[in-house]
Amino acid sequence: MAIHNLEVNGAYLLDLPVVSDPRGDLTFIENQQHIPFDIARVYYLYNVPVDAQRGGHAHRDLQQVIFALSGSFRVLLDDGQHKTEVTLRNPGIGLYINRMVWREMDFFSQGAVCMVIASNPYDESDYYRNYEEFIEASHASKK
């Protein structure tokens with residue numbers, strides 16, 4: 001499994017194993033072998049309108065890996081000092097996002113399916129939903 005670092009601290013791309021034969025491709029994920037945390041939750045987004053935006057938050061503790069199972073979408077990442085964007089379109093590549101990384105998702109293609117693997121169950125208190133509060137907390141944690 002290859003890891004490709006991004007300009008944002010706490011985010012990188014993961015190349016997952018792909019088994020190909022004439023019947024199609026198969027990609028698999030095993031706990032702690034392909035992602036750096038135990039899986040506590042899996043969810044997916046679908047039927048997202050092409051002009052919709054998702055995300056718009058950061059997490060205090062949660063880690064995630066995001067995949068485009070079908071179609072494509074863009075993920076904007078911000079660690080409070082650096083920003084970058086990634087377009088996901090290959091189901092064999094996951095985007096790891098650590099805690100304290102702001103993310104926004106847009107430009108969903110028709111029929112896009114986004115799957116997210118998370119390190120913790122849903123907890124509303126884990127979210128930064130206000131960008132200014134995230135920036136303040138991000139800068140405070142780097143002092």
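Two strands count as paired here if DSSP finds at least two bridges between them. I put that at the top of the notebook because my first look-up, in what is a predicted model, depends on that definition of pairing.

**Entry 1: strand 8 and its neighbours**

I started with strand 8, residues 73-78, and found that strand 8 pairs with strand 11 in the antiparallel sense over five bridges. Following individual residues across this pairing, I noted that Arg74 has Asp106 of strand 11 as its bridge partner, and that Leu76 stands opposite Glu104, which also belongs to strand 11.

I then turned to strand 9, which runs antiparallel to strand 8 and is joined to strand 8 by six bridges. One residue I followed here was Phe73, whose bridge partner in strand 9 is Leu88. The two strands form a hairpin with four residues between them, and in the turn I came upon Gly80, whose phi is positive at about 95°.

I also asked how many residues of strand 8 are buried. The count is five of six, so I wrote this strand down as mostly covered, buried being under 20% relative accessible area.

**Entry 2: the sheet as a whole**

Stepping back, I traced an open sheet of five strands, in the order 9-8-11-6-13, with antiparallel pairing. Its edges are strand 9, residues 83-88, and strand 13, residues 127-128, each of which pairs on one side only.

On the edge strand 9 I looked up Thr84, which is buried with a relative accessible area of 16%. Beyond its neighbours within four places in sequence, Thr84 is in contact with Val75, Leu76 and Leu77, and also with Leu6, Glu7 and Val8.

**Entry 3: Asp79 in the turn**

Next I returned to the loop between strand 8 and strand 9, where Asp79 has its place. Is Asp79 buried or exposed? Its relative accessibility is 1%, and since buried means under 20%, Asp79 counts as buried. I also noted that the side chain of Asp79 reaches the backbone nitrogen of His82 at 2.6 Å.

**Entry 4: Phe134 in helix 1**

Asp79 led me to Phe134, because Asp79 is on the list of residues that Phe134 touches, contact meaning heavy atoms within 4.5 Å. Phe134 is found in helix 1, which covers residues 131-141, and its relative accessible area is 0%, so I recorded Phe134 as buried. With neighbours within four places in sequence left aside, the contacts of Phe134 include Asp78, Asp79 and Gly80, and also Met100, Val101 and Trp102, with Ala58 and Tyr128 among them as well. I checked one distance across the chain: Phe134 and His57 are 77 residues apart in sequence, while their C-alpha atoms are separated by 8.3 Å.

Met100, one of those contacts of Phe134, deserved its own line in my notes. Met100 sits in the loop between strand 10, residues 93-97, and strand 11, and its phi is positive, near 60°, although the residue is other than glycine. At 10% relative accessibility, Met100 counts as buried.

**Entry 5: Asn47 and Ser70**

I looked up Asn47 as well, which is not a glycine and yet has a positive phi of about 55°. Asn47 is found in the loop between strand 5 and strand 6, and with a relative accessible area of 69% Asn47 is exposed.

Ser70, in strand 7, is partly exposed, with a relative accessible area of 35%. Its contacts, apart from neighbours within four places in sequence, are Gly111, Ala112 and Val113. The C-alpha atoms of Ser70 and Ala112 are separated by 5.0 Å, although the two residues are 42 residues apart along the chain.

**Entry 6: the largest pocket**

I finished with open space, and found that the largest pocket has a volume of about 190 Å³. Which elements give two or more residues to its lining? They are strand 5 (41-45), strand 6 (54-59), strand 7 (64-70) and strand 11 (102-106). The largest share, four residues, comes from strand 6.

The lining has 15 residues, of which Tyr43, Leu45, Arg54, Gly55 and His57 lie nearest the centre of the pocket. I sorted the lining by character and wrote down seven nonpolar residues, four polar and four charged.

Key. Residues are numbered from 1 along each chain as its sequence is written. This is a predicted model: local features need pLDDT of at least 70, side-chain atom pairs count only at pLDDT 80 or more; totals for chains, interfaces and linings use all residues. Side-chain values use heavy atoms; hydrogens and water are left out. On a 1 Å grid over the protein atoms alone, a cavity is a set of points where a 1.4 Å probe fits but cannot get out, and a pocket is an open set with protein on both sides within 12 Å along at least five of seven lines; lining residues have an atom within 4 Å of a point. Grid points are joined across faces, edges and corners, and a volume is the space filled by probe spheres set on the points. Ala, Val, Leu, Ile, Met, Phe, Trp, Tyr, Cys and Pro count as nonpolar, Asp, Glu, Lys and Arg as charged, and the others, Gly among them, as polar. Buried means under 20% relative accessible area, exposed over 50%, partly exposed in between (1.4 Å probe, protein chains only). A polar contact is a pair of N or O atoms within 3.5 Å; within protein, one must be able to donate a hydrogen and the other to accept it, and residues adjacent in sequence count only if both atoms are side-chain atoms.
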